[in-house]
Amino acid sequence: MAIEFLENLASFEITGGLTLLSLFIGAIIMAIGVIVARTFRLIFTKYYAPKLEKDAAQNLGKIIYFGIIIIAFLVFTGSTGVDLSGLLVAGGIFGVVIGFATQSVVSNLISGIFLMIEKPVKQGDSLDLPDMGIDGTLIDISTFSVRVRQFDGTIIRIPNEKFFTTNIRSLVSTPVRRSENIVGIAYKEDIDGAISVLDKAIRKSMPFVLLSPKPEFRIKELADSSVNIEMLVWHPREDWGEVGPKLLKVAKNALDEAGIEIPFPQRVLWQAKES
Amino acid sequence: MESDSEVAFSKYGVYIISDSLDLFFPGLEIKIDKISDNVFSYLKKDLEGNVTEKKIPVKTSELKIEVAPIRPLNYPAKRTNYCFLEFESPVFLIESSSATIFVQCPIEIGLFLIHDSHKDSLDWFTCDPANSRFGLYGTPESGTLCKYSKTPIVGSYNDSLDYFNGVIKINLKNELPGGHSISKIVFPIIDVGLYYKDTKAIFDTVSGTLKKKITLETFDVEPEAIQTDWTKSTDYERVEVVKRLKMDVD
């Protein structure tokens, strides 16, 4: 019965030497290929990927998976004796047509390959894309797009082409980062005294601020109502959240405690005498 | 909490608790109580009102803990395995000379749960949070983040401040032509062992050699284990292999 069925399939020719039987065998070969590819990728992901860098592991996993699929396809074409030369010619013409129609897709694909080669940022890196107003953690660089988990928890997908051509500011490629803030004191106050108060408060209550290089204070501006002091402090790259948003609070509390005035904008109006 | 002047501070060592135990350290107290047959409660309170509470189930009716000095790597957060000691006054070494100095190095205090001949890290704290800070050795682009301390040169191992720091012996050697000042030393403190006795702590020795490597003048720093009858502290953190730094000559 089964042999008869296979003989029927073999007798049904679709095109130049390609029979239903060879298609059936091809499907089996491809199915085995997919199973083998998935098994290898699973083993790789479980036992070898954890020892590699995240993005290298992901790329290698893809190479293993698609490599086995391609080998299975070559075995399939080899076993059926299908002549692919006609297909290649047709594919070439078709490719030109498709190429024009899918420029952006191809562009994203090529950009993705260059991103994987250049590696401006790695999976898990915190980054800032100033031109797009996006900041967050890089989840992955895939074939056509990049996914970034923003600091508000949402995930944004950016086409590879845009990501490749935009300015990328890595927030983790150096061991330390600097945070700056400006605080104003009244003109009547002693500048050195105020700086000393700020320095002591930062050293005392901000444990993530580095003592070397030490906090730096600069007179930023003799503004309309205040002398503006810029505070520049270094901290470990991971700890911006412990320093950046708290710096002004520490400065304000310290100046208040020392009785140093932080002025609000003031304007003196002189009224001309009525004659 | 009682003020520090009224209490006798606890010593490092092993404590066996059958009912309750109070431990006092500068600015901090710890209370361990038996709350049922095989469960103890652990409570740590500091001067700022921060409270850490844990329940500890045990197999036996007693709880065995060890209090020991540990490397200063945990406060305010574990970020590095390196220590950067800047001397309050630099040491000047003339050509082909050597010197041995003792400097203070900050410590933290670890609590370990002892069971079945194992020691598990239970908790840690620092008695000197105001002086537990980071520093960078090198440039912001490629430097090394370290725990930083500006430290005086002291006379001997006896000059440690109880609970605040331990003393580290540094052997310095100048193999370079001409005299050189040494004002700081940076080393992977994760490779350096700690020892304790009562309330004192000392570290393994660190050797620093000014030498020329082909055309480059470097300051090579290597830790060396010491022989002592003091008790060796348990490692609080997982000991990792870290690369040695090549320091520049001042």
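This passage describes two helices of chain A and the overall make-up of chain B in a predicted model.

In chain A, a nonpolar patch on the surface is formed by A:Val105, A:Val106, A:Leu109, A:Ile110, A:Ile113, A:Phe114, A:Ile117, A:Phe144 and A:Phe164, which together present about 740 Å² of accessible area. The most is given by helix α5 (residues 103-118), which contributes 7 residues to the patch. One of the patch residues, A:Val106, is placed in helix α5 of chain A, and its relative accessibility of 38% lies between the limits of 20% and 50%, so that A:Val106 counts as partly exposed.

Helix α7 of chain A (residues 191-205) comprises 15 residues, for which a span of 21 Å is expected at 1.5 Å a residue, and the distance of 21 Å between its end C-alpha atoms agrees with this. The buried residues of α7(A) are A:Ala194, A:Leu198, A:Ala201 and A:Ile202; because they cover an arc of only 100 degrees around the axis, they lie on the same side of α7(A). An α-helix has 3.6 residues a turn, so residues three or four places apart point the same way. The cover over the buried residues of α7(A) includes β8 (176-185), β9 (216-222), β10 (227-236) and α9 (247-257) of chain A, whereas the face turned away from the buried side carries the exposed residues A:Asp192, A:Lys200 and A:Lys204.

Chain B contains 0 helices and 21 strands, and its C-alpha trace spans about 70 × 40 × 35 Å along the principal axes. Of the 250 residues in chain B, 51% are buried, while the accessible surface of the chain amounts to about 11700 Å², with 49% belonging to carbon and sulfur atoms. Among contacts in chain B between residues at least 6 apart in sequence, 68% join residues at least 24 apart.

Terms used. Residues are numbered from 1 along each chain as its sequence is written. Chains are lettered from A and ligands numbered from 1 in the order in which they are written. This is a predicted model: local features need pLDDT of at least 70, side-chain atom pairs count only at pLDDT 80 or more; totals for chains, interfaces and linings use all residues. Side-chain values use heavy atoms; hydrogens and water are left out. Patches are made of residues with over 30% relative accessible area and no salt bridge: like charges are joined within 9 Å, nonpolar side chains (Val, Leu, Ile, Met, Phe, Trp, Tyr) within 5 Å. Accessible areas come from the Shrake-Rupley method with a 1.4 Å probe; for residues, only the protein chains shown count as cover. A salt bridge is a side-chain nitrogen of Lys or Arg within 4 Å of a carboxyl oxygen of Asp or Glu. Helices (H or I, at least four residues) and strands (E, at least two) are DSSP runs, numbered from the N terminus. Buried means under 20% relative accessible area, exposed over 50%, partly exposed in between (1.4 Å probe, protein chains only). The expected span of a helix is 1.5 Å times one less than its number of residues. The arc is that of the directions from the helix axis to the C-beta atoms. Contact means heavy atoms within 4.5 Å.
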